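Let's take a walk through a protein chain together. Keep the sequence and the 3D view side by side, and find each residue as we come to it.

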Amino acid sequence: VQEEHSCLSDKTGRGDTGLESAEATVLMLGMTIPAAGRRNGRGLLAASACVLLCLPLAAAFTATPVTFGRLPAHTVAARASGPLRNVALRSARAAPALSTLEMKVPKIIQGGMGVQVSSWKLAREVCRAGELGVISGTAMETVLIRWLQMGDPDGLYRRALAAFPDQGMAQRILDKYFIEGGKADNKPFRNPPMWTLEPNQDLVEATILGNYAEVWLAKHNDDGTPVGGEGAVGINCLTKIQLPTIVNLYGAMLAEVDYVLMGAGIPMEVPGILDKLAEHQDAKLAIDVDDAPDTMYTHFSPAKLWERTGTYKIEKPLPRPSFLPIVSSVTLAQAMLKRATGAGPTKGIQGFIIELPTAGGHNAPPRGFRYDAAAKSHKLSLNDKGEPVYGEKDTVDLDKFKSAVKGLPFWLAGFYARPEKLQEVLAVGGAGIQVGTSFAFAKESGLLQSVKDDVLQRVQNGDLTIFTDPVASPTGFPFKVLELEDSLSVKDKYEARPRICNLGYLRTPYISKEGKLGYRCASEPIDDYLKKEGDLAATEGRKCLCNGLMANAGLPQVYNYKAKGAEENYVEEILITAGDDINQVRQYMKPTEDGRLEYGAIDVINYLLGRFKEEYTAEHNLYSDADKAEDPKVREALLAKKQELAEKIQEVDKQLKTGK
C-alpha cells in the first residue's frame with residue numbers, strides 16, 4: 001500500500017483528477033490497485049463495493065481524499081477491522097501527502113452575495129458551523145480601498161494585510177488609501193482605475209489584496225488563529241465580470257480559499273485557470289468583445305507580477321480550490337464536463353450547484369428568452385408584471401442530472417431554505433442545498449444594518465415582494481429586486497439619481513467602427529453610451545448595479561451633485577436584491593433587548609439541520625432491543641446500525657451547538 005501510495009503521489013502532484021482520487025480513496029481503505037487496473041480503470045471495480053460502503057459515490061470523483069458526512073480518512077481507517085485495520089491506518093496517516101487540496105463536501109452552502117453582503121464575518125460563522133461559508137468576489141479591490149478610506153475600524157483589514165506574503169505591496173495600498181480616523185461623511189471616496197484588458201499594476205495589486213484580505217479574515221479568528229474544524233471557505237465570482245476574474249482568483253488562492261463558485265455565465269475556462277494559478281503559471285481568459293473580428297484575451301502572469309514587486313519569491317504551489325459551477329440545466333452541466341479546460345475526467349470540476357429562477361441576484365434567463373433592446377421581442381415572454389416567464393423547459397430533472405454529472409456532488413439553490421427541502425435533495429442523491437437570502441439578513445452579513453432592521457420589521461408586519469427585472473442589469477441576465485419604498489427599486493427615485501459610471505465592472509468591451517478598443521455600459525450617461533456606438537433602446541430600464549450594491553454594504557459614493565430641492569450632495573442609495581423566499585426569515589428572527597429583530601447565521605443552520613436529529617433519534621429508538629437478538633450475526637449487524645445512528649446524532653448535536 002505504501003509503495004502504491006508513493007507512486008500515486010509522485011504521478012499526480014496535486015492529485016486533482018477524478019480517477020486518481022478514486023484510487024486515493026481505495027488506498028485509504030487499505031487496498032492496492034494493480035498497475036494495469038490503474039491504466040484502464042478495471043482495478044477499481046474490484047474495490048468498488050468496499051468504497052461504496054464507506055463513502056458516497058461522489059467521493060470517487062472529487063479532487064482529493066474527501067471528508068463527506070463528516071467522516072475523514074482517519075475515521076474510516078479507525079472503523080476498519082481485521083487484517084485491513086493496520087494497513088488502513090498507515091494509509092490514512094499518509095493520505096495528506098496525496099494532495100494539498102482537501103475536498104470538503106458540506107450539506108449547506110451559504111450563497112455568494114455581492115457586494116460584500118456575503119462578508120467575511122458571515123462566511124466565517126458558517127465555516128465555524130462546519131458548512132461552506134462563501135465570500136463575494138465582486139469588486140473586492142473597491143471594498144478594501146473604501147474600508148481603508150473609512151479608517152479601517154478595529155484594524156481588521158490591516159490585520160489581514162499584515163499576513164500577506166509581500167509586505168511591500170500591502171504597504172503601498174495603505175500609503176495610498178488609508179485615512180486615519182476615516183474620511184468625512186460628505187466627502188467622496190477615491191476609486192481605483194476601471195478594469196481594461198491591460199490593467200495597470202496598482203489595480204492588479206489592489207485586486208489581489210482585496211480578495212486575499214476577505215478570504216484571510218473568513219478563515220481566521222479575531223486573534224489571528226485559523227478557524228479550523230470541518231467547515232470551509234469559498235469565493236463566488238460572476239462569470240459576466242470577466243476582466244478581474246483571474247486576478248480575483250489568484251488573490252483568493254494566496255489566502256488558501258477552499259472553493260470557487262461561479263455563475264451568471266458559463267465559466268468553461270476557469271478550471272484550467274485554477275490549475276495554472278496553483279502552479280503560479282501564466283493564465284489567460286477569453287473576453288467577450290462586441291464586434292471583435294477575432295477572440296481577445298486578458299492575460300495574467302504571477303511570475304511577472306512578483307518580478308515587478310521585487311520583494312516576494314515564489315517558493316511552493318498554492319492549494320488548488322475545488323470548483324463548483326452554478327448551472328440551470330442538465331445540458332449546461334454536460335457541456336462543462338465535456339469542454340471545460342481543467343485536468344482529469346471531470347475537467348477540473350468537483351461538483352455543481354443547480355440554481356433555480358427563484359434564487360436572488362442574477363438568474364439564468366428562461367429557455368428561449370433573449371433580451372433584444374431594438375426589436376423588443378423579449379416583451380412577448382413577460383408576464384403581467386413585466387417579469388420573464390419560466391416554464392416546464394426551465395425545470396431540472398434531478399435523475400437525469402445525477403446521471404449526467406458522473407457521480408459528482410450537487411446542491412440545489414432557489415427556495416430551498418427549508419429542512420424538508422434539504423432532506424428531499426439528500427434523498428435523491430444530492431449533497432445538499434445552497435441558501436442565500438436567509439443568510440443575507442443575518443446579523444453577520446455585510447448588508448447595511450439599517451436595511452436589515454427595516455426589512456425584518458416589514459416582514460414581521462406582512463409579506464414583501466420581489467420583482468424579477470428583465471432589463472435592470474447591464475449583463476442582460478434577469479435580476480431580482482426587493483421592492484422597498486426607500487430604495488432605487490422605485491422608478492422615480494432611480495430617475496432622480498445622477499446617471500454615472502465610475503466603477504465599470506459591468507462595462508462591455510467593444511471594437512469601434514474605426515477599429516479601436518473601447519468600453520461601454522448601458523447604465524452610463526446616455527450621451528456617453530451613444531458616442532460609443534451604443535443603441536439608445538439598450539439604455540431603457542437599465543440600473544447601475546455597481547454603485548447600488550456598494551451602497552447596500554454601507555459603502556455609498558458621495559457625488560458633487562445635488563438632487564432637485566436637496567441641500568446636501570447626493571449620496572448613492574441602496575438597491576437590494578433577494579430571492580423569492582424573502583419572507584422565510586420569519587422562521588429565524590427574534591426580538592432583541594433593545595426592541596429590534598435579529599437572527600444569526602447559526603440560527604439558519606440550526607433550523608435546517610434540526611430535523612435530522614429528530615429523524616435519526618426516531619430511527620435509533622427502533623434498535624433499542626438490538627442486543628437481545630439471538631442470532632450473533634443479526635445482533636452484530638443491528639448493533640452496528642444502532643451505533644451508526646448514535647454517531648449521526650452526536651455529529652448533528654456538535655453542529656447545532658457550534659456558533660457564538
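Let's begin with C501, a cysteine that is partly exposed, with a relative accessible area of 21%. Keep in mind as you look that this is a predicted model. Cysteines invite a question: how many disulfides does the model hold? The count comes to zero. A disulfide is a covalent bond between the sulfur atoms of two cysteines, and here a pair of sulfur atoms has to lie within 2.5 Å to be counted. For C501, the nearest cysteine sulfur belongs to C521 and is 4.8 Å away, so C501 is in no disulfide by that cut-off. C546 is in no disulfide either. Its nearest cysteine sulfur, that of C544, is 5.3 Å away. C546 counts as buried, at 15% relative accessibility.

Now step back and take in the chain as a whole. Its secondary structure comes to 24 helices and 18 strands. The chain has 660 residues, and 55% of them are buried. Next, think about which parts of the sequence meet in space. Among contacts between residues at least 6 apart in sequence, 71% join residues at least 24 apart. On the outside, the chain exposes about 28,200 Å², and carbon and sulfur atoms supply 50% of that area.

With the overall picture in mind, we can visit some places where the backbone does something less usual. As background, most residues other than glycine have a negative phi, and most peptide bonds are trans. Which two residues are joined by a cis peptide bond? They are G114 and V115, and omega there is about 0°. To find the spot, look in the loop between β3 (108-110) and α7 (120-128), where V115 lies.

Further along the chain, K406 has a positive phi, near 60°, although K406 is not a glycine. This lysine sits in the loop between α16 (398-404) and β11 (410-413). K406 is partly exposed, with a relative accessible area of 39%. Follow the chain past β11 and you reach the loop that leads to α17 (419-427), where F415 is found. F415 is another residue other than glycine with a positive phi, in this case near 70°. The relative accessible area of F415 is 34%, which makes this phenylalanine partly exposed.

Our next stop is S523, in the loop between β16 (517-520) and α21 (526-531). Is S523 buried or exposed? At 2% relative accessibility, S523 counts as buried. What surrounds this serine? Leaving aside neighbours within four places in sequence, S523 is in contact with P474, R499, I500, R542, K543 and C544. One of these residues, K543, also has its backbone oxygen 2.8 Å from a polar atom of the S523 side chain.

Finally, move from that loop into helix α21, where you will find I526. I526 counts as partly exposed, at 30% relative accessibility. Together with L530 and L536, I526 makes a nonpolar surface patch of about 220 Å². Try selecting these three residues in the 3D view, and then turn back to buried S523 to see both places in one picture.

Terms used:
Residues numbered from 1 in each chain as written. Predicted model: local features only at pLDDT ≥ 70, side-chain atom pairs only at ≥ 80, totals over all residues. Heavy atoms only, no water. Buried < 20%, exposed > 50% of the residue type's maximum accessible area, 1.4 Å probe, protein only. Helix = DSSP H or I, 4+ residues; strand = E, 2+ residues; numbered from the N terminus. Polar contact = N/O pair within 3.5 Å; in protein donor to acceptor, adjacent residues only side chain to side chain. Contact = heavy atoms within 4.5 Å. Patch = residues over 30% accessible without salt bridge, like charges linked within 9 Å, V, L, I, M, F, W, Y side chains within 5 Å. Areas by Shrake-Rupley, 256 points an atom, 1.4 Å probe, with all protein chains shown as cover. Salt bridge = Lys/Arg side-chain N within 4 Å of Asp/Glu carboxyl O.
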